[in-house]
Amino acid sequence: DCPLVSTFIGRDINKNVGENFEELKTAFSPFLNYAGEKGIKIAFENCVMEGWQIQGVPGTLCYQPELWEAIFKVLPQDNFGINFDPSHLVKQMIDYEAVLKKFRDRIFHFHIKDTVIFNRLLNWYGIYNRQFSNAHKDGFWNSAIAGNGVIDWKKIMTVLDEIGYDGVLSIENEDPAFQGSTEQTKRGIVMSREYIRGIQNSLKQGEQAWEKKNCAQGSSAVET
C-alpha cells in the first residue's frame, strides 16, 4: 500500500504563471482524481527549486503561500496537499508558523530540515542571492540539521500539536557539515532526531505538569 506520494509541480519556464496554472489543472486533475479513488494522497514539496531551468528563477509553482492558495482553488480535491518544509520558507523571509496554521488541513507530510542565514551575505547579495556562482554553496543561506539553524522548532512542534498533525516527520539531511560519508550522514540524521525528540518530550512534560498543577488547584477549590 502507498497512502501518500510526494512530488513537485514544476513549471514551463517559457510561459507566465497564469498560463502555467491553466496547464496545472489539465495535467494534475486526472491523476488526483484517480489517486482519490484509490485512497491515495498527493503532496507537493514547497521547495523553490531556483535554477532548475534558468539561473535564479524559481523552477516550480508551489514555493510560497500565495501560490498554494491559488493551487487549491484550481485543484480543490481533498487528497491534494503539502509536503511542508519550513527551511524553504525561512530563506524567503516567510512566517512558517503563520502559514502552517493557515494551511493546517493541507499538511500531509513534514520535512525536518533547518536553515542557516548568513546576514552579512544577505545584505550583500539580497534575497535573489548570489548571481555569479552556485548560490547553494556560497550564497546567503545553507541547509542545516535541526537545531543548527534559525528555525524555532519548539514553536513548530507546538503548532503541529495544536493543529492535530499526526503524519510523518521526515528528517532530510542536506547539511554540508554532515555529508561526505555514510557515517556522517547518519550522524546528522540521528542528531536531528534526538533534537526533535528532546523538544517533544519537554513539551509533553510541560503539558503534564500544567495538567497536574491545574488538577491540584481544581481539587483544592472543590475541597474549599
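# A guided tour, starting at Phe 110

Select Phe 110 first: setting aside neighbours within four places in sequence, its contacts are Asn 83, Phe 84, Pro 86, Leu 100, Trp 153, Ile 156, Leu 160, Tyr 165, Val 168, Leu 169 and Ser 170. Bear in mind as you look around that this is a predicted model.

Keep Phe 110 on screen and add Phe 80, Phe 84 and Trp 153. The largest nonpolar core has 45 residues, and these four touch the most other members. In soluble globular proteins, nonpolar side chains tend to be buried together.

**The whole chain**

Zoom out for a moment and colour by secondary structure. The protein chain has 8 helices and 7 strands. Of its 224 residues, 38% are buried. If you have a contact map to hand, take the contacts with a separation of 6 or more: 74% of them join residues 24 or more positions apart.

**The aromatic cluster**

Next, show the rings. There are 11 aromatic pairs in the structure. Zoom in on Phe 28 and Phe 80, a tilted pair with 5.8 Å from centre to centre and 45° between the planes. Phe 28 belongs to helix H1 (residues 17-37) and Phe 80 to strand E3 (residues 80-84), so this pair ties together parts that are 52 residues apart in sequence. Both Phe 28 and Phe 80 are buried.

Now keep Phe 80 and swap Phe 28 for Phe 72. How far apart are the ring centres of Phe 72 and Phe 80, and at what angle are their planes? The centres are 6.0 Å apart and the planes stand at 80°, so the pair is edge-to-face. Phe 72 is buried, as is Phe 80.

To see the wider group, select Phe 28, Phe 31, Phe 44, Trp 68, Phe 72, Phe 80, Phe 84, Phe 103, Phe 110 and Tyr 165, which form one aromatic cluster.

Two charged side chains are worth adding here. Arg 106 has its charged end over the ring of Phe 72, 4.2 Å from the ring centre. Lys 102 has its charged end over the ring of Phe 103, 6.0 Å from the centre.

**Helix H2**

Phe 72 also leads you into H2, the helix of residues 65-74. Select Pro 65, Leu 67, Trp 68, Ile 71 and Phe 72, which are buried in H2. These residues cover an arc of only 155° around the axis, which puts them on the same side of H2. An α-helix has 3.6 residues a turn, so residues three or four places apart point the same way.

What covers the buried residues of H2? Show H1, E2, E3, H3 and H4, which are included in that cover. Then turn the helix around: the face away from the buried side carries the exposed residues Glu 66 and Lys 73. At the N-terminal end, Gln 64 caps H2, with a side-chain oxygen 2.8 Å from the backbone nitrogen of Glu 66.

**Helix H7**

Return to Trp 153 and show H7 (residues 153-162), where Trp 153, Ile 156, Met 157, Val 159 and Leu 160 are buried. They cover an arc of only 160° around the axis, which puts them on the same side of H7. The face turned away from that side carries Asp 161 and Glu 162, both exposed.

Check both ends of H7 as well. Asp 152 caps the N-terminal end, with a side-chain oxygen 3.2 Å from the backbone nitrogen of Lys 154. After H7 comes Gly 164, with a positive phi near 75°.

**His 109**

Now pick His 109, in strand E4 (residues 107-112). Is His 109 buried or exposed? Its relative accessible area is 15%, so His 109 falls under the 20% cut-off and counts as buried. Beyond neighbours within four places in sequence, His 109 is in contact with Leu 4, Ile 82, Asn 83, Phe 84, Tyr 165, Val 168 and Ser 170.

**Loops to finish**

Follow the loop between strand E2 (41-45) and H2 to find Gly 51. Gly 51 is partly exposed, at 36% relative accessibility. Apart from neighbours within four places in sequence, Gly 51 is in contact with Gly 56 and Val 57. The loop between E2 and H2 also holds Met 49, whose phi is positive, near 55°, in a residue other than glycine.

Your last stop is Met 93, in the loop between helix H3 (87-90) and helix H4 (96-102). Phi of Met 93 is positive too, near 65°, and Met 93 is partly exposed at 48% relative accessibility.

Key:
Residues numbered from 1 in each chain as written. Predicted model: local features only at pLDDT ≥ 70, side-chain atom pairs only at ≥ 80, totals over all residues. Heavy atoms only, no water. Phe/Tyr/Trp six-rings, centres within 6.5 Å; stacked < 30°, edge-to-face > 60°. Helix = DSSP H or I, 4+ residues; strand = E, 2+ residues; numbered from the N terminus. Buried < 20%, exposed > 50% of the residue type's maximum accessible area, 1.4 Å probe, protein only. Lys NZ or Arg CZ within 6 Å of the ring centre and 35° of its normal. Core = buried A, V, L, I, M, F, W, Y, C linked by side-chain atoms within 4.5 Å. Contact = heavy atoms within 4.5 Å. Arc of directions from axis to C-beta. Polar contact = N/O pair within 3.5 Å; in protein donor to acceptor, adjacent residues only side chain to side chain.
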